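Hello,

Here is the structure I promised to pass on to you. Have a look at it first, and then read my notes below.

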Amino acid sequence: MERKKYPRILFRKRLNELKEDVNEIGQITIQAHKNAIEAFNNYDEELLKKVIKANEKVERLNFYLERKCISIIAAEQPVAMDLRFIEACIKVGSHLKRMGNLAVNIAEAAKNLKNEEIPAKPFEDLNHMANLVQMMVSKGLYAFIDQNMDMARELRHDDDKVDDLFDQSLENITGSMFQDKDSISYLIYLLFIARFLERIADRAVSIGDRTIFMITCEKPKRLELKKEL
């Protein structure tokens with residue numbers, strides 16, 4: 001009897017290791033996002049280097065995560081919830097990797113703003129947006145790790161708030177451009193940062209959707225697809 005149980009115990013151990021791997025990638029991504037926003041607020045070349053280094057580590061860990069998932073599928077031939085969990089690990093890892101890429105984009109955009117005077121309202125809008133997006137990234141990760149359906153569902157409501165802030169930011173940034181045409185050359189980077197933040201939020205929503213599918217085997221109803229800028 002113990003012999004039959006032993007392989008199953010090993011299988012569960014491997015699944016738990018996948019969860020730990022995803023959590024590690026997620027924590028690095030969250031810190032990269034924090035550093036990117038700090039670079040926007042108080043630019044420091046070291047912060048940019050940290051974000052780039054973190055992104056490289058996330059990409060490397062995600063590669064090993066995918067290989068591990070494929071290996072488990074091939075060796076164990078999981079079904080139902082176990083298979084959906086393994087597939088979700090691959091998907092969530094991919095979303096986190098893309099978030100890391102976007103954090104680098106934010107930090108690099110911040111470099112172009114380091115010596116410029118940013119208008120107060122757009123600066124305030126972007127920081128508000130960044131804080132909300134930061135919360136969404138954490139919520140998406142913990143919803144997946146804890147298999148928390150309620151938390152996963154909340155992400156769509158959070159995303160609506162981010163979209164509103166995005167629209168508000170665009171309005172205020174373009175307004176500042178009209179007031180001072182010479183500022184367009186650097187305020188354009190504020191538009192980029194707003195867009196990068198919105199895309200990170202979208203990825204957090206996708207993690208929530210994947211979590212819901214993993215638990216229920218039902219695809220959440222999608223809202224109208226957003227157009228890429």
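Please keep in mind that this is a predicted model.

Let's start with the cysteines. A disulfide is a covalent bond between the sulfur atoms of two cysteines. How many disulfides does the structure hold? The count is 0. Distance explains why C69 has no such bond: its closest cysteine sulfur, in C89, is 5.0 Å away, too far for a bond, as a disulfide needs the two sulfur atoms within 2.5 Å. For C217 the closest cysteine sulfur is also in C89, but there the gap is 16 Å, again too far for a bond. As for their surroundings, C69 is buried, at 0% relative accessibility, while C217 is partly exposed, at 44%.

Now to the aromatic rings. A pair of aromatic rings is described by the distance of the centres and the angle of the planes. Searching the whole structure gives 5 aromatic pairs. One of them is F85 with F144, a stacked pair with 5.9 Å from centre to centre and 5° between the planes. This pair links distant parts of the chain, since F85 sits in helix α3 (residues 80-111) and F144 in helix α4 (residues 120-146), 59 residues apart. Both F85 and F144 are buried.

Another pair is F192 with F196, which is tilted: the centres are 6.5 Å apart and the planes differ by 35°. Both residues belong to helix α6 (residues 184-216), with 4 residues, about one turn of the helix, between their positions. Is F192 buried or partly exposed? F192 is partly exposed, at 38% relative accessible area, whereas F196 is buried, at 14%. Ring pairs also join Y189 to F192 and F196 in a cluster.

Enjoy exploring!

Terms used. Residues numbered from 1 in each chain as written. Predicted model: local features only at pLDDT ≥ 70, side-chain atom pairs only at ≥ 80, totals over all residues. Heavy atoms only, no water. Buried < 20%, exposed > 50% of the residue type's maximum accessible area, 1.4 Å probe, protein only. Phe/Tyr/Trp six-rings, centres within 6.5 Å; stacked < 30°, edge-to-face > 60°. Helix = DSSP H or I, 4+ residues; strand = E, 2+ residues; numbered from the N terminus.
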